[in-house]
Protein chains: 2
Amino acid sequence: MSGTAGEIGEFGLIARITAGVSAGGPVRLGVGDDAAVLRLGGDLAVSTDTMVENVHFRRSWSGPGDVGRKAVAACVADAEAMGAVPIAVVVSLAMPADTPTEWVDGFAAGVQLECDRAGVRLVGGDLTTAAEIVVTATVLGDQGGLAPVTRAGARPGELVAFVGRLGWAAAGLAVLTRGFRSPGAVVVAHRVPEVPYGEGRIAAEAGAGAMIDVSDGLLADLGHIAQASGVRIELNSAAFEIAEPQQAVAAALGGGDPLNFQLTGGDDHALVATFARGHVPEGWTVIGEVVAGDPAVLVDGAVPEIDGGWTHF
Amino acid sequence: MSGTAGEIGEFGLIARITAGVSAGGPVRLGVGDDAAVLRLGGDLAVSTDTMVENVHFRRSWSGPGDVGRKAVAACVADAEAMGAVPIAVVVSLAMPADTPTEWVDGFAAGVQLECDRAGVRLVGGDLTTAAEIVVTATVLGDQGGLAPVTRAGARPGELVAFVGRLGWAAAGLAVLTRGFRSPGAVVVAHRVPEVPYGEGRIAAEAGAGAMIDVSDGLLADLGHIAQASGVRIELNSAAFEIAEPQQAVAAALGGGDPLNFQLTGGDDHALVATFARGHVPEGWTVIGEVVAGDPAVLVDGAVPEIDGGWTHF
């Protein structure tokens, strides 16, 4: 069906977007009323993330399905980082009235696909007009009897480990920004992060001291843990494995150190956590340790002299 | 402190906005980590609302505090409409980098003021740049042992009653649109709705059959109840009290029926619900009844020939 969002109308769009959505499981009441109602087994973890056209994505670089998937992935990662079981999301979509219906359908399909991958349900949202596309997704997670794994719980003697990808999205953004579309693997990673769903809960069950998802960059996000926990974090550069596409991008862009993508690249939403020795879950890569000292993140014993992650404004 | 959002920076803005925010009560973990953590006594009600500059508000008509207050009020009303006790909100703010710091401070103060009025806590959010201001607020409510009051529970024989205001914001928008700034009471009502906080819970405890908050207009929102419940709703025009400012606006705008503001005006976020006879809570105004029949909303026995509420697109 062709046309624009304006021609289909608000209620028509809602009907299209929610066509395949169902309640069940912890969802006592899904889309269609003033609010959704969820039944949790423990405390609620809640977090919200906003993505703006031409700030977080470009329609020329990312398809509508990519945008829908990324919005869900980015917020679900925050619930993972508390050790919660992600249960549901609500998604707000603001867009120009002349947005093609195909774009909306693709976006909705992406939201649904990533919800399926993450094991969460779409339970509500809002639709409105705006000059540009702005997506806000809010995740609801169930702590289910486990205390939240905050940024403040890292203790000297613990190991630092991560799971997921580091610096792939940043490498993809670097090539797209320069007008290239390859290597394909990193471009795809920029469009949709591969969040290590379920690993946050595994980390919590393993007794993780502190945990965060890497959205601003590893150094920046470990810096948040160091500050909140009052500890120093020492990373070992030899522990990082540089993927071939990252080496290719670094070489193509002038020969910088490809490790920098991993240290400063955000948006892959890897999980990084601290664990007592002997308690690092399978599949996590140990990259350093927590020591006593003024809050800082060191690489091979020194404060790295590279840009430290993303902020807005 | 003068300057712009871009000059203060993301983390500086977050520090300013969250300066007066505290955890406590059901908030186990407030702002500052990957997610907030709440402890509920029952099922979770969740709803989200987005407001866009020049669609839902204009900076020339509404101050930043008004925008912050309205964002919180509009989403909290949705939790009220389920019969939940609103507990917390998360608020996302997208705005141009050159937004004055004073605007951000005023917005944050408005969010906090309305949170205090509504009895909820600000537990998280997101800040990002955008071409125009887009605010998304998500409310978390606690059903606390009571089943949600949906739109589908209206039964023939029940009375229809509302609490709060009808048509004040619409009258205010009407005069602002024509370049006037009076009557002041309706202009103020456009800027910030007076949500009847706590009345949703009272209605649920009184056994309300169906409930909705009036955001699209009374006829449109009662239409949602009629459709979802499979009932006809008959309203009695004599039951509506037309406030003096609404009469003044209708006269000034050419002598239309001021009742139309009450029947079609959205954005005051009154609550309208159905109750068994003898169970209408104190302070609610009975305006009609639920009867068997094809879903429709009648006024004085006929389908009213007036515009039916707001939709986007």
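Two residues are taken to be in contact here if their C-beta atoms, placed from the backbone, lie within 7 Å. The structure described below is a predicted model, and the account moves from helix packing in each chain to the strands and then to the contact of the two chains.

**Helix α5 of chain A and its surroundings**

With that meaning of contact, A:Trp168, A:Ala169, A:Ala171, A:Gly172, A:Leu173, A:Val175 and A:Leu176 in α5(A) meet a set in α6(A) made up of A:Val186, A:Val187, A:Ala189 and A:His190. By class, this contact of α5(A) with α6(A) has nine nonpolar and two polar residues, and no charged ones. The two helices pack with their axes 7 Å apart and at an angle of about 105°, which makes α5(A) roughly perpendicular to α6(A).

How many of the ten residues of helix α5 of chain A are buried? Eight of the ten, in a helix that spans residues 168–177, are buried, so α5(A) is largely enclosed by the rest of the structure. The buried residues are A:Trp168, A:Ala169, A:Ala170, A:Ala171, A:Gly172, A:Leu173, A:Ala174 and A:Val175. Besides α6 (184–191), they pack against α9 (244–252) and α10 (259–264), which also belong to chain A. After α5(A) comes A:Gly179, whose phi is positive, near 90°.

**A helix pair in chain B**

In chain B, helix α3 (residues 64–80) packs on helix α4 (residues 101–118) at an angle of about 35°, the axes lying 6 Å apart, and the crossing of α3(B) and α4(B) is right-handed. On the α3(B) side the contact includes B:Pro64, B:Val67, B:Ala71, B:Val72 and B:Val76, and among the residues they and their neighbours meet in α4(B) are B:Trp103, B:Phe107, B:Val111 and B:Leu113. The residues of this contact divide into 14 nonpolar, four polar and three charged.

**Strand pairing within and between the chains**

An open sheet of six strands draws on both chains, in the order β5(A)-β4(A)-β6(A)-β3(A)-β2(B)-β1(B), with mixed pairing. Its edge strands, each pairing on one side only, are β5 (121–129) of chain A and β1 (27–29) of chain B, and the twist from one strand to the next averages 25°.

The antiparallel pairs below include two from this sheet, and each row names one residue pair that stands opposite across the two strands.

| Strands | Bridges | Opposite residues |
|---|---|---|
| β4(A) (85–95) and β6(A) (134–142) | nine | A:Leu93 and A:Val135 |
| β3(A) (44–52) and β2(B) (36–38) | three | A:Ala45 and B:Val37 |
| β7(B) (159–163) and β11(B) (285–291) | four | B:Ala161 and B:Val286 |
| β9(B) (232–235) and β11(B) | four | B:Glu234 and B:Glu289 |

Strand β11(B) thus pairs in the antiparallel sense with β7(B) and is also joined, again antiparallel, to β9(B). Between the chains, β3(A) and β2(B) run antiparallel and are joined by three bridges.

**The contact of chain A with chain B**

The contact between the chains takes 58 residues from chain B and 58 residues from chain A. On the side of chain B that touches chain A, strand β3 (residues 44–52) of chain B gives the most, with eight residues. The residues on that side of chain B divide into 29 nonpolar, 17 polar and twelve charged.

Key
Residues are numbered from 1 along each chain as its sequence is written. Chains are lettered from A and ligands numbered from 1 in the order in which they are written. This is a predicted model: local features need pLDDT of at least 70, side-chain atom pairs count only at pLDDT 80 or more; totals for chains, interfaces and linings use all residues. Two strands pair if DSSP finds at least two bridges between them. Ala, Val, Leu, Ile, Met, Phe, Trp, Tyr, Cys and Pro count as nonpolar, Asp, Glu, Lys and Arg as charged, and the others, Gly among them, as polar. A residue is buried if 20 or more other C-beta atoms lie within 10 Å of its own, exposed if 12 or fewer, and partly exposed in between; C-beta atoms are placed from the backbone. Axes are lines fitted to C-alpha atoms, for helices over the stretch in contact, and angles run from 0 to 180 degrees between N-to-C directions. Angles under 35 degrees count as roughly parallel, over 145 as roughly antiparallel, 65 to 115 as roughly perpendicular and the rest as oblique. A crossing is left-handed if the near helix is turned anticlockwise from the far one by less than a right angle, and right-handed if clockwise.
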